[in-house]
Amino acid sequence: MKCEARGVHKSFGDTHVLRGVDLLVPEGSFAVLVGSSGCGKSTLLRSLAGLETIDKGTIRLAGRDVTKLPPRDRDVAMVFQSYALYPHLSVRKNLSFGLELRRTAKSEIDARVREVSEMLGLDALLDRLPKQLSGGQRQRVAMGRAIARRPTMFLFDEPLSNLDAALRAEVRVDIRRLHDRLGATTVYVTHDQVEAMTLADTLWVMNQGKVEQSGAPLEIYERPRTRFVATFLGSPAMNMIDATIDGRIARAPDIVIPIDARFGDLASGREVTAGMRPHDLTLFQEGMTKVCEIVVDVVEALGFETYVHGKVGALDVVVRIPGTAKTGDKIGLSIDPCKVHLFDREAGTSLA
Amino acid sequence: MIRALTLSARLVLLAVALCACGDVDRDTVVLWHAYRGDEERAIQEVARAFERAHPGVRVELLGVPFEAYLAKLEAAAPHGHGPDVFIDAHTRIGAYVRAGVVVPMPWPIDASAYDGATLAAIDRWGAPLSTKCVALYTNVDLLPAPPVSFEELARTPFPKGVYPLAYEADVAYYHAAILSAFGGSILAGDGSYAFDSEAGALSLEFVQRMSREHVIPEEPNGSLVTQLFVSGKAAAVIGGPWMRADLGGAIRYRVTPLPTIGGAAARPLLTVETAMVTPRGAKSALARELALFLESREAAITLATVGHQVVARSDAWSDPAIANDATLAAFHEAVKTSIATPTSTRMQSAWVPTDEAIRKTLRGGAARPALAESHRRFDDAVKPPPPPASPAPALVILGAILLFVAWKITRAVRISEVRAALPAYRYVAHAAVVVLVLVVLPLVAGAATSLFAGTRDDPRYVGFANYAAILGARGGDLLGHGSFYVTLLVTILWTLLNVALHVTIGVALGVLLSRPLMRLRGVYRALLVLPWAVPSYVTALAWKGMFHRQFGAVNALLGLFGVDSIAWFSKFSTSLTANVTTNVWLGFPFMMVVTLGALTSISQDVLEAAEVDGATRWQRFVRVTLPLLRPALLPAVVLGAIWTFNMFNVVFLVSGGEPDGSTDILVSDAYRWAFTRDAQYGYAAAYAVLIFGLLWLMTRATRRMERA
């Protein structure tokens, strides 16, 4: 089912939460809405579900205008961050709740509950109450409740944020696998960029009530169209350095950044912001342009890699290095010019 | 520290000194009375005059509410805290004598100053101070000359909407005057019930006719009578001297003795305010002085001029200030034709059956069956208590219970554990003592009372005879009038109806008020909790007024829709409806508040999940909200059921059991046994124990439900 939102506006009192959002999710695709908290991604999802009425704009599901329809007429299923299981009903009843409301035949309900509980490994839990389940089990029941309905679209509202890290990684993979198996259109809200990158067919980065950039995750990662997108995706965040164009380089105090040809001719003296991801910076070797020399401040050794927080003058720079370092060391850095991102200082848009 | 010690030492010394004074010092004399307003001012003036005549002596005056008099006297007298002299209506002499709080007047009084009937009324038990009986107040503007007879009054034409006469026709005290015109009385000289007679039937038919022909208003009560008279809607009313204060200067009226009926005098019941002496007072010279001073001419003049009392001393009436008070003189005149109210305690048991018979007839019933029924009820109420029983069976049962409890305790408790927990017991000890004294002991005492019969001064152990009588419907029809089972059924119906309506309305309003979009939510909330905040008896009395047949707001409102006025308290169904309406009004705020509280604990997400799952608003309420409210509502329902089961206020004040005790519930019935049927406390206590047992069973059943 194709999901389409056009020019969606929504305010809560004086707070303008959605400021003209356009969204298009092709049938069977997995779309992830990502953004910092308060950017409106959850509101957009709730508007798709019909839990919020929008002030302006249209929402179409499978070509049908559902803007004014209540949730039950939209044929969507939603998984809540809190799971929102019915506390007074057993797992079995939680799974069949939506089907019973739709007066599905008893045998059909049983078959679907069986199918879902097999799929998610809930067999042993069917007669328990939600309060007798662990967090991960509850999360699975919440997904099962959505799946049992066989809706044409799934909506996920940060479904993994209440799980511990290990479980989160596991369920993340499960969700992608389920999606591939069920093939239903899915809209997934998260603020976790790992989930965003790994799950999405298309990624929608939202900022201050608008979609800042959308597209395939890697494409966005590699070619962020704005400074916000560039810093939001990637961990640790991209180093942002205000610099001035000087021919084929950009200069800042004690820093020299080479510029790739793809930016074309840039007027000397233009104020830009240069972005360099920590893992794109390399140790300086003879024959390369030395970008800068940092004084090591903090070392984060993760075992398989080491991040170093260093200073150039007053500026903070983060870099991934092989091996290790210690506080006070001086490290020279270089970069491949094609890995450098340039943004207009004022507008924040990419110059590429 | 030292200062504190000296201070406390001084306090102790002071306390000792005060106690000592209490014993030996006889320069104070204690006088109790039940007066208010002008009458109270008069007695205060008399006391001051006595103090002036006896320098150094202080009269300690205490106004005691009329209803509480006997109980307070009984509580105080045995401990020497009571009055030396007290003033009360002579009708209660019988009860005071039985309780031993009064002695025959130990000093000679000036017998020549009183007329024989007054003295005869109080026998030798005190000094008569003033007399009270009812007379006819006529509105001079409507009735220039007072009517000679009831018949004449009934025939007189008045403007539309004006009743010729208003009085509390359904009260035995007033009816007694009418009855006397037919040659009857409520109680015969030997204490047997005399109302069930030809004279009684004629008197009832007479009143019934007056009501049917709208000579008198329907469902009258004291305030309605006063209100009708003051507003000129009743040409004449029957009232006592006490009515005078309520009339003020609003209307020009005249007081005359009651008119005749069929040529015979209507002789009202006489009450004599009497100064009586307690056993403690009998030993005191000061009390003697005070008692004699109270009955002196000087005091009588004060009581008459300041307190507007119809004083008993005939020589006081030569005082011009009294003789010229036409109203006072008229009452004095009326007293001459009056009949003294019997002092026998059997009279206390006669009032209610008599009231019931009058009310039944006024509602259009036949007089004779009503009289026969009232006779039966009187005899039932004064039935001698069952014979004394051997306490052995009860002792055996008690012993068995104690053994069982002891066995349970020894099985459950290990000494070492108890020793380890001793500090914990110490922490709860004071609370346990409080609970023991305030809850357990009264409960046990009440339960023990149920094994006794007879009145308070003559209790007699009867074993389980009270229970046998109750459960055997006092030997009558198991489903007959006043039977325990019928009352129980009514109580259950009453409880079910109320709780169902409380929950439905409370939950509905709670859900409505919890919607965040509603404007002025706080205002509505406060308004809806209001019925709960008002004392329930106030609400009950207000509703009682609203259900009045002729002047009530409910009938007025129904009248707008063309519904004929309903006599709410004349049929079981309507009477119960009135009770239930009142109690629902009182009870729904509690359920609403509980619902509002419980709703805040229901996660919004769950409701939204149901919405996405396809539930309509109603389905969300039934399938999600209600089941989630259940854990909070169930205890509230149990509590509400217990409160309603025992909701004495509403039943007693709104319908008062009308019609004919049929809307009485178990507690109000128990009350009647204790307080209107010759103080059968044992019998009432047995009722209470049965109620306790029923509620205990109910609570157990619901707790099982809660767990399920």
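**Figure 1. A glycine comes after helix H7 of chain B.** In this predicted model, H7(B) is followed by B:Gly183, whose phi is positive, near 85°. The helix itself, residues 172-181 of chain B, is mostly covered, with nine of its 10 residues buried. Which residues of H7(B) are buried? They are B:Ala172, B:Tyr174, B:His175, B:Ala176, B:Ala177, B:Ile178, B:Leu179, B:Ser180 and B:Ala181.

**Figure 2. Helices H20 and H31 of chain B cross each other.** Look here for H20 (residues 422-449) and H31 (residues 681-707), both in chain B: their axes come within 7 Å and cross at roughly 120°. That angle makes H20(B) oblique to H31(B), because angles between 115 and 145 degrees fall outside the parallel, antiparallel and perpendicular ranges. The crossing of H20(B) past H31(B) is left-handed. On the H20(B) side you can find B:Gly446, B:Ala447 and B:Thr449, which meet B:Tyr681, B:Gly682, B:Ala685, B:Ala688 and B:Val689 of H31(B). Sorted by character, the residues of this contact are five nonpolar, three polar and no charged.

**Figure 3. Chain A touches chain B.** How many residues does each chain bring to the contact? Chain A gives 17 residues and chain B gives 14 residues. On the chain A side, strand S6 (76-79) and helix H2 (91-101) each supply at least two residues. That side of chain A is made up of 12 nonpolar, three polar and two charged residues.

**Figure 4. A:Val32 sits in the largest nonpolar core.** This core has 157 residues, and those with the most contacts inside it are A:Val32, A:Leu33, A:Leu48, A:Leu155, A:Trp204 and B:Tyr687. Helix H26 of chain B (residues 572-600) provides the largest share of the core, 10 residues. Now zoom in on A:Val32: leaving aside residues up to four places away in sequence, A:Val32 touches A:Tyr188, A:Thr190, A:Ala196, A:Leu199, A:Ala200, A:Leu203 and A:Trp204. A second, separate core of 111 residues includes B:Ala34, B:Ala172, B:Leu258 and B:Ile261. You have already met B:Ala172 among the buried residues of H7(B).

**Figure 5. Chain A holds both helices and strands.** Count them and you will reach eight helices and 20 strands. Along the principal axes, the C-alpha atoms of chain A fill a box of roughly 75 × 45 × 35 Å. Of its 352 residues, 40% count as buried. Among contacts in chain A between residues at least 6 apart in sequence, 65% join residues at least 24 apart.

Notes
Residues are numbered from 1 along each chain as its sequence is written. Chains are lettered from A and ligands numbered from 1 in the order in which they are written. This is a predicted model: local features need pLDDT of at least 70, side-chain atom pairs count only at pLDDT 80 or more; totals for chains, interfaces and linings use all residues. Axes are lines fitted to C-alpha atoms, for helices over the stretch in contact, and angles run from 0 to 180 degrees between N-to-C directions. Helices (H or I, at least four residues) and strands (E, at least two) are DSSP runs, numbered from the N terminus. Angles under 35 degrees count as roughly parallel, over 145 as roughly antiparallel, 65 to 115 as roughly perpendicular and the rest as oblique. A crossing is left-handed if the near helix is turned anticlockwise from the far one by less than a right angle, and right-handed if clockwise. Two residues are in contact if their C-beta atoms, placed from the backbone, lie within 7 Å. Ala, Val, Leu, Ile, Met, Phe, Trp, Tyr, Cys and Pro count as nonpolar, Asp, Glu, Lys and Arg as charged, and the others, Gly among them, as polar. A residue is buried if 20 or more other C-beta atoms lie within 10 Å of its own, exposed if 12 or fewer, and partly exposed in between; C-beta atoms are placed from the backbone. A nonpolar core is a set of buried Ala, Val, Leu, Ile, Met, Phe, Trp, Tyr and Cys residues joined through C-beta atoms within 7 Å.
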